[in-house]
Amino acid sequence: MSEQFEPVIIGFTCNWCSYRAADAAGTARVKYAPNVRLIRLMCSGRLDPTFVIKALAGGADGVMISGCHPGDCHYIDQNYKALRRVLLLRRTLKGMGVEPERIKLVWASAAEGMQLAHEIDSFIEEVRKLGPLGWPKWNETDHGSQTIDDEQAPVAHGQEAEVTA
Amino acid sequence: MTQTKVIVQPKAGLRKQEDLTLLHEVSIATAGVSHLEMCIQCGTCGGSCPSAADMDHTPRMIFAMLRAGMRGEVLHSNTPWICVSCYHCVVRCPQIVHIPDVMYTLKGMAIKAKLYRDSNPPHFSQTFVGMVETFGRSYELGLATRHYLRHYPLRLPGMALMGLGLLTKDRMSIIPKQIKNMSQLTAILNKAKTLELTS
Amino acid sequence: MSENEKTPNERIGVYVCHCGSNIAGTVDVVGVRDWAQEHLGKDGVVISRDYKFMCSSLGQEMIEKDIKELGLSRVVVAACSPHLHEKTFRTAAERAGLNPYLTELVSIREQVSWVHTDKEVATQKSKSLVAGTVKRIIHNEALEKLKVPINPNTLVVGGGIAGIQASLEIANGGFHVYLVEREPSIGGHMAQFDKTFPTLDCSACILTPRMVEAGTHPNITLLTWSEVMSVSGYIGNFSVAIKKKARFVNEELCTGCGICVEKCPKKTIDHEYEAGLGYRKVIYTPFAQAVPKFPVLDAPNCTYFQNGKCKACEKFCPTNAIDFTQQDQILNVEVGNIILATGYDMFDARRVTNYGYGRLANVFSSMEFERLCNASGPTGGEITLRDGKTKPESVGIIHCVGSRDKNYNNYCSTICCMQSLKFAHLVKERTGATVYEFYIDMRTAAKSYDEFYQRILEEGTLFVRGKVAEVSDAAREPHEKGKLIIQVEDTFIGKQRRIPVDMVILSSGMEPRADAKQTGQLFGISCSSDGWYIERHPKLDPVTTMTEGILIAGCASGPKDIPSSVSQGAAAAARVMDKILQKEVELEPVRATVNEEKCSGCRICNNLCPFSAIAFIEDLAVTRINPALCQGCGTCVAACPAGAISGTGFSNEQIFAQIDGLLMSI
Amino acid sequence: MNKYIYYPGCSMEGSAKAYGDSLNFIKGTLEMELDEIDDWNCCGATEYVSLNLIPAYSLIARNLALASKQANGHNTVMAPCSACYLNLEKADYYMAERPALGEKVNQALAAGGLHYEPGSLQIRHLLDVFINDIGLDTIKSKVTRPLAGMRVAPYLGCMVPRPDFAHRWSDFEQPTELDDLLKALGAEVIEFPLKTECCGGHMTQIGPETAYELIRRLVSSAEEHQADIMVTVCPMCQMNLDAYQAETNHFFGTNYQMPVVFFTQLMGLAFGGNPKEVGFGMELVSANKALTRIGMELPPGETPRKKAEGLPMPERRLKKKVVEKINQEGQE
């Protein structure tokens, strides 16, 4: 790993638009930063807030949620529900002392591999600016490259995550 | 205006072999995003240009020559100097190439490389800029007389008539105006001259 | 984290694919293999192998062999995207007696080797992706595919040549088709053309028989002057509401004799069929060969509807078929598959103001010119200037109008070159005028297309390579007076030319339908950034979409010429019949189920389901989900505060475990 | 009261004095408050950019920096000169489009204790302000002496409708704003096909032969359409067409006598000003003949186009609508 902080991003994609956008990016050989690891759901509406908490608790520095563009949802309008949840979640995290900017919602149609790659890159840069998410070491899945900053990591986070996860 | 083909003797600043960095060099030295790389050679620019008839190469050919790295021929061409910046080409270009801005860049490069063929246009620009750098405003009377003295001495009488007309009709001031905070402007311009657009 | 810490008693096989150098070029495949073997043993990985082409029969056999001999209970294949080969490997596993849903694909090609460059980092990412899936798959359950019966009826939307072709193929196959067309007649754009390239046979001559066949086919219900209002359901079982717009003509009584049209006293400009170049009566059949033959009354323009007088049509109708009281009616039909052949719009040349269309009288759009040439058109096939009399002596044809231009449409409309060459021929043939063609690149890439180009060259058409800068009526020289001047750089001689002509034809490109996006949303499919519908796969699956049971054909998915539109119509029909003949369709068993012990009956989930698969059972005070209606999006699963709903294939356990895996320190 | 940060540009006090005077005359009538940028400098015309890029843009940006210091509440900079307007607009746009340029220019400005945040100001041309802020209805309502009987060629030139970064104009090629305004004054506006063709710009200085041809095209076309007078919105255009018309005649052996004035001068007349106070008499090709047309009881000139016959024309539609539609789609 290089000197600069390399954030770890967990990305949730829907099966129909955004995961296929990732495929499209691949097929078109669009290059983007390797910090992101994608998890496929059927729909962004499946996103359970605890997934995000769990990811952050587990050592991710940011979480990207992506779905079809509003109106294009394969399940009519479930991506709106994802949108609502994300907004709510950002507020909750703020309350927990975690920067809400660590969560990003991205709309990407199956054709928008280029755009998705671009979004991923810019999000990684944003998170890199925020620096590592300072959770206390709380299980072996903690990410290697992390530096622990006790002040900004109230123990409550760990517990909260424990409970929800 | 002569339509004769230009034959360029290799001189200082000229390269005989292809110079594949030329296009990029011009592109980044241009204000804004030039899109120069995107040219599809459709000729919309050359077709739109109101002064194309007087150019030895149409803008399209210039872009092809840039690709071919023909530095000498491009910088020696009169094309950028004939451009009247009417922006017809820009709004019609299917690839949105910022053509007039590229032309400005080429003029600048030609002056630096001393490759312009007709000294008249660069001198006009220099005289104009000279005025601006001394007064902060352009000074039409001084500009006109100086420039015409230098390049159209024989026309001057005829022009003088017009100049006189403008003067008597109070459309040309005899004394140049100067801005108050000249020192500030000078400071800015001096600093600016040390900077270049490289990325 | 209990569920992740339990040491699994599963036996997992990991298979890492080189994909030639596609993966191996950027990822240390062997490294990944060994790492999985060493570090994922505690998760149950008993064997880890690599192979050059895992999807080859040899690769598949290797996996099958291991399943049998090593008794694998889970298989993880690190290769390409699941959308490409998930089915391949799941079927292989099934052959070896393993439930297909116990095999998962890890995309280390589309998501790693093709998008990253640094080998070390790429390898590391591949490892964590594999780890994620290994930990996830422990929680996978054996699932059985759901089977639902297929309704053998098909809905075809759009009565252009593609839609007609699709309908006929299916109808001839013995299945019923509802063909919906929003115009008064089927035929689409092709019905407006005069000749068709490259063979120059008359469009009507080859199209009319097909139209008649579609109109009279016992297996086709023709619904013209109709539009789809709503669609619900899923593959095999769509229910569709169709609005049959009031025709004000009783189709039972009307014989199509045309007296009403003849007697109607009012003319109006025909913006649809005659492309604004001709007139039609207020009660009209768009053209002679229209199918069906019943006329339509254009109410907004009708004198009777405007001021209560006239009724000439009614007076003269011999069968009393005119019915001013007719209302729009809604038809509900049940179908198993839907083919969208919604076609294209012509690019509006007025947008290119420097070409003067709409300002300069003798600048014509391509569709206007088609009508000008057409024997049934406003001039009876005479090519004239806007005054309707004068024959042009010189004509300029401009290619790429609105196409290949970032100011309008970025794409090539593919047909315009051939269309323009056809125009050149027609002008020469009928007027003997001097013809200029202004093009950027000549694109004649299909069977006997370039030969046609050769023929036009031979006919003496003057080709100028250069995108026309402007068409103007401002003469500079005496010989330009009263002409249209085409100003262009002749890029072969590198000089600007001003060419005076009498007539200019703008070869406009194709655009997605103005309402393509709304229509797409109606049927649950999406558009590309250009606005065309997206195919499931641009090469290998061009007529299906991401939505099962919704197919596309013709120009709905992008500019096409007649041959390709016809083949796509037939292709879509074949796909539909294959589904129908299977009698039932297998649905992914990804479904949500309610654990009624846990369900508190809070009803939070009740309003979340867009497919109304969730029903609340009053007397038990619990919620139930109808697996046939559930599409498996999982929204309710995520919403249930009691965690009573679980989504097969994407359970919380699976996701949590995958997250742990992905975040494992490598 | 519409308030604007005002960038006059050098020529308003010199060759385009008539422009300046007439603007001063009408601004009261139209309730415009012009707050001149304190100690503004030349925009460099089209000359400086061709010598040295960063200084050229710094020169322009100094004005923007000064303007933004002056901007309290109202952040619209209005320039009546096309070249100035375009230079300011371009500097603002390119500094944003090309951050590298923005940085460098601000480094230079810093040497003078200044800074400009691209995008913080709205740069607009006088005509745009008349049409879109004040509005044709208001302008119509102020007309006390309709210009009936005067056949006017509306000449916009290049640099106002192009490249139009902000999509303010109805069209790049055939915008109708100026026509509409002149019609509102009661003038008879001809269909002038060359309304946005080039006047030759600085070519009058460095390549007169090129310029003369362009001037000829414009003047002859205006004459062909029997215009009494040409109306411009740009000092450079007025200078070239008016002051160099004699030269052009001399060069081609023609004898055009086409007066060229600023649209503000006609507005002044229509608002009741007398010719002198709105700058008439400063033009080299006298506008007297055109002036005599006003007030005289002339039957309205026969309508230029006869009733359409033969095949119907596609209705003509402004591009603006389409542009808006496309923009909306863009935003979706």
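## Exercises on a predicted four-chain model

Phe12(A) stands opposite Ile39(A), a residue of strand 2 of chain A. Helices (H or I, at least four residues) and strands (E, at least two) are DSSP runs, numbered from the N terminus, and two strands pair if DSSP finds at least two bridges between them.

This is a predicted model, in which local features need pLDDT of at least 70 and side-chain atom pairs count only at pLDDT 80 or more, whereas totals for chains, interfaces and linings use all residues. Residues are numbered from 1 along each chain as its sequence is written, while chains are lettered from A and ligands numbered from 1 in the order in which they are written.

**Exercise 1. Establish the strand order of the open sheet in chain A, and then place the helices against the strands.**

Step 1: strand 1 (residues 9–14) and strand 2 of chain A pair in the parallel sense, over six bridges.

Step 2: the open sheet of chain A has four strands in the order 2-1-3-4, with parallel pairing. Its edge strands, each of which pairs on one side only, are strand 2 (36–41) and strand 4 (103–107) of chain A, and from one strand to the next the twist averages 20 degrees.

Step 3: helix 1 (residues 18–27) of chain A packs on the sheet, where it touches strand 1, strand 2 and strand 3 (62–67) of chain A, and its direction makes about 110 degrees with that of strand 1 of chain A. Axes here are lines fitted to C-alpha atoms, for helices over the stretch in contact, and angles run from 0 to 180 degrees between N-to-C directions. Two residues are in contact if their C-beta atoms, placed from the backbone, lie within 7 Å.

Step 4: helix 3 (residues 78–95) of chain A lies across strand 3 and strand 4 of chain A, and runs at about 165 degrees to strand 4 of chain A.

**Exercise 2. Describe the side of chain B that touches chain C, by elements and by residue class.**

Step 1: 19 residues from chain B and 17 residues from chain C take part in the contact.

Step 2: on the chain B side, helix 2 (44–48) and helix 3 (59–67) each supply at least two residues, and helix 2 of chain B gives the most, with four residues.

Step 3: sorted by class, that side of chain B has eight nonpolar, nine polar and two charged residues. Ala, Val, Leu, Ile, Met, Phe, Trp, Tyr, Cys and Pro count as nonpolar, Asp, Glu, Lys and Arg as charged, and the others, Gly among them, as polar.

**Exercise 3. Characterise the surroundings of Pro275(D), and decide whether Pro275(D) is buried, partly exposed or exposed.**

Step 1: Pro275(D) lies in the loop between helix 13 (263–270) and helix 14 (288–293) of chain D.

Step 2: Pro275(D) has 16 other C-beta atoms within 10 Å and is therefore partly exposed, given that a residue is buried if 20 or more other C-beta atoms lie within 10 Å of its own, exposed if 12 or fewer, and partly exposed in between, with C-beta atoms placed from the backbone.

Step 3: once its neighbours within four places in sequence are left aside, Pro275(D) is in contact with Leu269(D), Phe280(D), Gly281(D) and Leu291(D).

Step 4: Lys142(D) and Pro275(D), which are 133 residues apart in sequence, are 17 Å apart in space, C-alpha to C-alpha.
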